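Student: I've got a protein model open and want to learn how its pieces fit together. Can we go through it by question and answer?

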Amino acid sequence: MARRDDSEMLTNIMYVTVYVTDQDRALEFYTDRLGLEKRVDHPGPDGRFLTVAAPGNPLEIILWSHAPAAGQPAGRESGAAAPGPVFLESDDLRADFEVLRERGVVFEQPEPEDYGFGIRIEAVDPDGNRISLRQRAAWQG
């Protein structure tokens, strides 16, 4: 049997899972507040399979029903910003921040901040999961 070249192996990230306690509430947050689109909503033998994604992007986020705190990060180091399980990119994070705040999105910081790789802020979904929002630095463009 011929050995597969590494470039022929894993080719794509299909899903990222965010654990939620109420899928309907999570769906409302990720679509109506963050502006993602619903992709799949299918009842199955293992539970409801529900995904959202950024428009035009193939990577989908599974909103998986689970007990409270299952997907929440474990603690934070003093002064360090712990990233969330999902990073969403913006071309103008400061402008998007204002729109998201008006839609009722809760943030861990009062305003986006500059850091070595651009601009960042952490949003929080209804289950306390952090959603990292980022704008790349101009030199990364």
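Student: Let's start with strand E5, residues 86-89: which side chains point to the buried face?

Tutor: This is a predicted model, in which local features need pLDDT of at least 70 and side-chain atom pairs count only at pLDDT 80 or more, while totals for chains, interfaces and linings use all residues. Residues are numbered from 1 along each chain as its sequence is written, and side-chain values use heavy atoms, with hydrogens and water left out. Along E5 the side chains alternate: Phe-87 and Glu-89 point to one face and are not buried, so to speak of the other face is to name Val-86 and Leu-88. Buried means under 20% relative accessible area, exposed means over 50%, and partly exposed is in between (1.4 Å probe, protein chains only); the two buried ones are Val-86 and Leu-88.

Student: Which strand does E5 pair with, and in what sense?

Tutor: Strands here are DSSP runs of at least two residues and helices are H or I runs of at least four, numbered from the N terminus. Two strands pair if DSSP finds at least two bridges between them. Phe-87 stands opposite Ser-132, and Val-86 stands opposite Ile-131. With 4 bridges, the partner is E9 (residues 130-136), and the sense is parallel.

Student: What joins E8 to E9, and how many bridges are there?

Tutor: E8 and E9 form a hairpin with 5 residues between them, and Gly-128 in the turn has a positive phi of about 90°. Val-124 stands opposite Arg-130 in E9. The two strands run antiparallel, and the count of bridges joining them is 7.

Student: Why is E9 described as largely enclosed?

Tutor: Take Ile-131, which lies in E9: at 0% relative accessibility, Ile-131 counts as buried. Contact means heavy atoms within 4.5 Å, and leaving aside neighbours within four places in sequence, Ile-131 is in contact with Tyr-30, Leu-34, Val-86, Leu-88, Ile-121, Glu-122 and Ala-123. E9 is largely enclosed by the rest of the structure because its buried residues number 6 of the 7.

Student: Which element gives the most residues to the largest nonpolar core?

Tutor: A nonpolar core is a set of buried Ala, Val, Leu, Ile, Met, Phe, Trp, Tyr and Cys residues joined through side-chain atoms within 4.5 Å. This one has 24 residues, and Tyr-30, Leu-34, Leu-63, Phe-107, Ile-131 and Leu-133 touch the most other members. Elements that give two or more residues include strand E1 (15-20), helix H2 (93-102) and strand E8 (118-124). The top contributor, with 4 residues, is H1.

Student: What does Leu-34 touch?

Tutor: Leu-34 is among the core members that touch the most others. Not counting residues up to four places away in sequence, its list is Phe-29, Leu-88, Leu-100, Arg-103, Val-105 and Ile-131.

Student: In what order do the 4 strands of the open sheet run?

Tutor: The pairing in this sheet is mixed. Its edge strands, each pairing on one side only, are E1 and E2 (37-42). E3 and E4 pair in the antiparallel sense over 2 bridges, with Thr-51 opposite Ile-62. The order is E1-E4-E3-E2.

Student: Where does H1 pack, and what angle does its direction make with that of E4?

Tutor: H1 packs on the sheet, touching E1, E2, E3 and E4. Axes are lines fitted to C-alpha atoms, for helices over the stretch in contact, and angles run from 0 to 180 degrees between N-to-C directions. The angle with E4 is about 155°.

Student: Which residue caps the N-terminal end of H1?

Tutor: Look for a side-chain oxygen 3.0 Å from the backbone nitrogen of Asp-24. Just after H1, Gly-35 takes a positive phi of about 90°. The capping residue is Asp-22.

Student: Is Thr-31 buried or exposed?

Tutor: Thr-31 sits in helix H1, and its side chain reaches the backbone oxygen of Leu-27 at 2.6 Å. Neighbours within four places aside, Thr-31 is in contact with Leu-36, Glu-37, Lys-38 and Val-52. At 17% relative accessibility, Thr-31 counts as buried.

Notes:
A polar contact is a pair of N or O atoms within 3.5 Å; within protein, one must be able to donate a hydrogen and the other to accept it, and residues adjacent in sequence count only if both atoms are side-chain atoms.
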